[in-house]
Amino acid sequence: MITLLKSATIIDTSSPFNNQVKDILITDGIITKIEDHIPTEDTYEVVSLDHLHVSTGWFDTSVSLGEPGFEERETIQHGLTVAAKSGFTDIAVNANTQPITENKAAVAFMINKAKEFATNLHPIGALTQQSKGVEMAELYDMKQAGAIAFGDYNKPVENDNLLKISLLYAQNFDGLVMSFPKNKAIAGEGVAHEGINSTLLGLKGIPAMAEEIQIARDLFILEYTGGKLHIPTISTEKSVALIRDAKKKGLDVSCSVSIHHLFLTDEELKDFDGNKKVSPPLRTDNDAKALIKGLEDGVIDIITTDHNPIDIEHKKVEFSTAKDGTIGLESACGALHSVLSLATIVNCLSKNPRKRFGLDSFSIETGKKACLTLFDPESTYTFSESNILSTSKNSAFLDKDLKGKAYGIYNNKQLILNK
């Protein structure tokens, strides 16, 4: 198959064509020509779209799909299609399935189910058995089977010694350990950020300190053990400062931030919409600004949707009893271009996460594999349920004005467009 992308603005700092408008010819998955104008032939599949921009493929490091065990929320097959149409060539899938992804058989199941799709699936193995935080899971076996990191989704490692042992053990095979930033004792039964709004609304609060103390502990242990640590979905101003200081010390630590923590604040909770109940909770405007600054200056390495489909029975309930989580794949492009620069978006959705999680890196040049995200950074619209492709509809971005939309991807010799 031969695909021709017409008048595409290339966004790739490693490419000699960065920020240039070019035609791109792709033959059997390889970029064969990049020129100002490439004549069209009858055998070509031509892609000509408004304000077309092309970058190296986006990689989401925190996606939940449900299958196996929660197929009513989302299946692997449908979830991969949603990811492709949302602009993601790669997704890392969390271990919060039933059964938990805690051994090589479970990792192999995920990989085999995802074969031959345009979007690549990369399993994250559980750090502890059953994600209960008591005993370490079979990390080495899962690494050999294809797991790219190890973490218990949205569950902190409460046992200090267990985190220490995990960081030491994983160094034997260059494993990446993930530690969710939440001190459960301090968070207690909180459901919202502890502050003015939680008080006004009568909601039990989760102090920013619950996140920051856990991060400080994790960094202290990392400094002792060495190894590679990734802290997912940080949400507070002080968390950014802690990680900035750790990097100055030379610690091998990375972190991510979810898109909803950049775009939304706890002001959103006044309607008690369960779709906006997330973990960590939505924080303040000052926190959101600090997170954005942290991305722009490189302290925060990675942006994630933290896509977590939840069925209606667990969302259309009283706010305090609703399950945490929002879907985010479909709204990612529009939310990000509303608050961040184009270069930061591409770096934190493609180059940085690929390097940290050990995936292949790509460049938009002739002779290279075509692993591309197609998008329009200018289109404006109000996000509605008609924009949701996922099986579950629990989006915190409903009725929000967004800027930018994903057209789809070209990857694994397949063109997938959101038509």
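Reader: Which residues of helix α1 (residues 76-85) are buried?

Author: They are Ile76, Gly79, Leu80, Val82, Ala83 and Ala84. Bear in mind that this is a predicted model. "Buried" here means a relative accessible area under 20%.

Reader: What do the buried residues of α1 pack against?

Author: Their partners are β7 (88-93), α2 (104-113), β8 (120-125), β17 (401-411) and β18 (414-417). Just after the helix comes glycine 87, and its phi is positive, near 100°.

Reader: Which residues have the most contacts inside the largest nonpolar core?

Author: Ile231 and Ile234 do, in a core of 68 residues. Leaving aside residues up to four places away in sequence, isoleucine 234 touches Glu211, Ile215, Ser239, Val240, Ile243, Cys255, Ser256, Val257, Leu291 and Ile300. Another core, of 19 residues, lies apart from the largest one, and its members include Ala8, Leu52, Leu374 and Tyr410. In general, nonpolar side chains tend to be buried together in soluble globular proteins.

Reader: How many salt bridges does the structure hold?

Author: There are 23 of them.

Reader: What makes arginine 283 and glutamate 211 a salt bridge?

Author: Their side chains meet at 3.8 Å, N to O. The cut-off is 4 Å between the nitrogen and a carboxyl oxygen, so the pair passes. Arginine 283 sits in the loop between α9 (259-263) and α10 (285-296), while glutamate 211 belongs to helix α7 (residues 208-225), 72 residues apart. Both arginine 283 and glutamate 211 are buried.

Reader: How do you know that aspartate 297 and arginine 244 form a salt bridge?

Author: Their closest N and O atoms are 3.1 Å apart, and the limit is 4 Å, so they qualify. This pair ties together parts that are 53 residues apart in sequence, because aspartate 297 is in the loop between α10 and β15 (302-304) and arginine 244 is in helix α8 (residues 237-248).

Reader: Why is aspartate 297 called partly exposed?

Author: Its relative accessible area is 39%. Buried ends at 20% and exposed starts over 50%, so 39% lands in between. Arginine 244, at 24%, gets the label partly exposed as well.

Reader: What makes aspartate 324 and lysine 277 a salt bridge?

Author: The N to O distance is 2.9 Å, which is within the 4 Å limit, so the name fits. Aspartate 324 lies in the loop between β15 and α11 (332-336) and lysine 277 in the loop between α9 and α10, so the pair joins parts 47 residues apart in sequence.

Reader: Why does lysine 277 count as buried or exposed?

Author: Its relative accessible area is 7%, and that is under 20%, so lysine 277 is buried. Aspartate 324 has 28% and counts as partly exposed. Elsewhere, Glu268, Asp271, Lys276 and Lys400 are linked in a network of salt bridges.

Reader: How many aromatic pairs does the structure hold?

Author: It holds seven. One of them joins tryptophan 58 and phenylalanine 88, with ring centres 5.8 Å apart and 65° between the planes. An angle over 60 degrees counts as edge-to-face, so this pair gets that name. Tryptophan 58 is in strand β6 (residues 58-63) and phenylalanine 88 in strand β7, so parts 30 residues apart in sequence are tied together. Tryptophan 58 is buried at 0% relative accessibility, and phenylalanine 88 is buried at 0% too.

Reader: Why is the pair of phenylalanine 263 and phenylalanine 397 called tilted?

Author: The planes stand at 50° and the centres are 5.6 Å apart. Stacked needs under 30 degrees and edge-to-face over 60, so the angle leaves tilted. Phenylalanine 263 is in helix α9 and phenylalanine 397 in the loop between β16 (372-382) and β17, 134 residues apart. Phenylalanine 397 is buried, with 2% relative accessibility.

Reader: Which residues form one aromatic cluster?

Author: Tyr140, Phe150, Tyr169 and Phe173 do.

Reader: How do you know that strand β5 (residues 53-56) and β16 pair?

Author: They share four bridges, in the antiparallel sense. At least two bridges are needed, so β5 and β16 count as paired. In this pairing, histidine 53 stands opposite phenylalanine 375 of β16. β16 also runs antiparallel to β17, joined by eight bridges, and threonine 382 stands opposite aspartate 401 in β17.

Conventions:
Residues are numbered from 1 along each chain as its sequence is written. This is a predicted model: local features need pLDDT of at least 70, side-chain atom pairs count only at pLDDT 80 or more; totals for chains, interfaces and linings use all residues. Side-chain values use heavy atoms; hydrogens and water are left out. Buried means under 20% relative accessible area, exposed over 50%, partly exposed in between (1.4 Å probe, protein chains only). Contact means heavy atoms within 4.5 Å. A nonpolar core is a set of buried Ala, Val, Leu, Ile, Met, Phe, Trp, Tyr and Cys residues joined through side-chain atoms within 4.5 Å. Rings of Phe, Tyr and Trp (its six-membered ring) pair if their centres lie within 6.5 Å; planes under 30 degrees apart count as stacked, over 60 as edge-to-face and the rest as tilted.
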